[in-house]
Amino acid sequence: KENPIIQTPFLDSLADDGIRFRQNAVTTSICWQSRATLFSGQWASRHQSYKLKCPHFARGQGWNQTWPKLLQDDGYFVGHVGKWQFYSDNNGRFSWSNYHEGNHFYPMFGRGEVAADDVAKEDAIKFLDERPKDKPFAMTVAFYPPKPVGDSPEPGGQWRPKNETRALYENITIPEPYNMTHAFSLLPKFLQYDRSASVQRKRLRYRSPLHYQEAMKNIYALITQVDQACKDIVDEVKKKGLYNNTMIIFSTDNGMFHGSHGLAGKWYPYQESIRVPLIIHDPRMPADKVGSIDDNFTLNVDLAETILGAAGLKPHERMQGRDISDLYLPNKSEDDEKTALEETPWRDEFFYEFTFGDETYIPSSNALVRKKWKFIDWYGHNHEQLFDLEEDPLEFTDVKDRAENAEILSEMRSKLAMYKEQLTEPRQLNCESGDYSANP
């Protein structure tokens with residue numbers, strides 16, 4: 001609803017029937033590591049699933065700490081459809097699954113090419129049809145679109161929507177981010193390297209006004225297709241009489257720059273990269289909360305405990321988030337007079353981390369994020385930044401060196417170090433295979 005151009009009527013209606021969390025963010029902005037956090041409820045430095053083909057969160061004891069396994073242990077029939085990202089052996093992890101990723105269309109026998117969102121939708125409905133009717137269920141539907149495919153330099157060439165959906169955006173102009181060239185010049189020099197992933201992808205995807213328009217129209221069209229697929233899945237849930245007893249969560253695994261700061265991709269702890277949508281429809285939600293917007297800091301690390309809480313299960317001791325329903329339900333134990341939120345107020349800051357392994361290609365970072373202030377430590381380059389988000393929401397002006405900010409800089413630097421010590425763990429896990437060479 002804050003974007004007047006993109007058409008997502010179903011997701012808008014889902015927000016009207018639930019809560020939209022406007023300040024929701026990821027703790028690591030890259031698809032596979034964020035997905036590991038979604039399943040495990042752990043920061044990346046705990047689940048340590050840094051590499052493709054090496055999902056430590058889903059191996060051995062790691063999988064026993066995830067919400068899908070804990071639900072299955074409690075009798076749930078748990079499914080997964082679509083993107084997995086790690087390109088690993090997934091046998092036995094879910095009660096029902098079908099994986100497909102890497103394309104916007106798939107050849108289907110007797111049907112020609114079928115859009116990836118339709119393939120995911122059809123699998124989700126098949127899961128709903130085939131699930132045991134005497135068991136509770138949970139399912140993730142992980143759409144591949146609008147993630148780009150390949151490295152085509154043609155205008156919009158990395159995204160391929162359906163023709164009829166693309167036509168919805170034909171006669172419009174999508175505004176470009178404010179002054180991309182100037183914004184890029186304000187970045188630290190190591191983020192401007194020609195060899196960096198963000199610079200290379202910006203050059204491929206958005207190097208001319210035509211490239212920008214074609215790319216964004218294709219991206220918006222793919223998002224509209226995902227919106228329609230979500231509607232069809234939820235319509236099936238309603239048709240089966242399950243809607244009023246089913247929690248529905250919509251979110252994504254990372255943000256994208258789309259030319260903001262003169263960049264493409266994600267990874268960095270700027271707002272466009274770390275903020276992602278979150279909508280929750282929860283039948284337990286009181287009427288006065290339905291249709292509301294919540295501006296607390298919710299995180300992808302919270303979703304595992306939120307799902308387990310809805311099932312009446314306690315989180316695994318290795319999980320590091322919090323049940324989001326504390327924000328809209330009067331959660332309390334039988335012995336407590338205060339609600340969980342009264343007992344422990346919601347977070348007013350959070351720790352961000354990103355480690356890749358090649359400081360020129362994608363620089364590593366930690367950040368401490370608050371509503372007013374953001375402190376970033378580019379520790380691989382011995383460089384810090386401080387932004388006043390109230391005065392400078394686009395993060396153009398680093399105010400680290402202003403004398404009046406010396407105290408807040410020192411305090412946030414110390415607090416970031418504290419979070420890093422509390423939340424991160426030494427690397428102890430090794431991969432037999434896999435590397436960083438695949439497309440991040």
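The following paragraphs lead from the overall form of the protein chain to its cysteines and then to two individual residues.

The model is a predicted one. Its protein chain contains 13 helices and 13 strands. Along the principal axes, the C-alpha trace extends over about 65 × 60 × 50 Å. The radius of gyration offers a check on the overall form: for 440 residues, a compact globule would have a value near 22 Å, and the protein chain, at 22 Å, therefore agrees with that expectation.

Other totals describe how the chain is packed and what it presents to its surroundings. Of the 440 residues, 55% count as buried. Among the contacts in the protein chain with a separation of 6 or more, 67% join residues 24 or more positions apart. The accessible surface amounts to about 19,600 Å², and carbon and sulfur atoms contribute 48% of that area. As for charge, the protein chain carries 53 positive and 65 negative charges, and the mean positions of these two sets lie 4 Å apart.

The cysteines come next. A disulfide is a covalent bond between the sulfur atoms of two cysteines. The structure holds 0 disulfides. Why does cysteine 31 form no such bond with cysteine 54? The sulfur of cysteine 54 is the closest cysteine sulfur to that of cysteine 31, yet the distance is 15 Å, which is too far for a bond, given that a disulfide requires sulfur atoms within 2.5 Å. Cysteine 230 is likewise in no disulfide, and the nearest cysteine sulfur, belonging to cysteine 31, is 18 Å away. Both residues are enclosed by the protein: cysteine 31 is buried, with a relative accessible area of 1%, and cysteine 230 is buried as well, at 11%.

Two loop residues show the packing in detail. Aspartate 302 is located in the loop between β9 (292–294) and α11 (303–310). Is aspartate 302 buried or exposed? Because its relative accessibility is 0%, aspartate 302 counts as buried. Beyond residues up to four places away in sequence, aspartate 302 touches Phe297, Gly321, Arg322, Ile324, Trp346 and Arg347.

Phenylalanine 94 lies in the loop between β2 (77–82) and β3 (96–99). With a relative accessibility of 9%, phenylalanine 94 also counts as buried. Once neighbours within four places in sequence are set aside, its contacts include Phe39, Trp63, Pro68, Gln72 and Tyr99. Val78, Gly79, His80 and Trp84 are also in contact with phenylalanine 94. Glutamine 72 is 22 residues from phenylalanine 94 along the chain, and the C-alpha atoms of the two are separated by 8.2 Å.

Note on methods
Residues numbered from 1 in each chain as written. Predicted model: local features only at pLDDT ≥ 70, side-chain atom pairs only at ≥ 80, totals over all residues. Heavy atoms only, no water. Helix = DSSP H or I, 4+ residues; strand = E, 2+ residues; numbered from the N terminus. Rg over C-alpha atoms; globule rule 2.2 N^0.38 Å. Buried < 20%, exposed > 50% of the residue type's maximum accessible area, 1.4 Å probe, protein only. Contact = heavy atoms within 4.5 Å. Areas by Shrake-Rupley, 256 points an atom, 1.4 Å probe, with all protein chains shown as cover. Lys, Arg positive; Asp, Glu negative; His and termini not counted. Charge placed at Lys NZ, Arg CZ, Asp CG, Glu CD.
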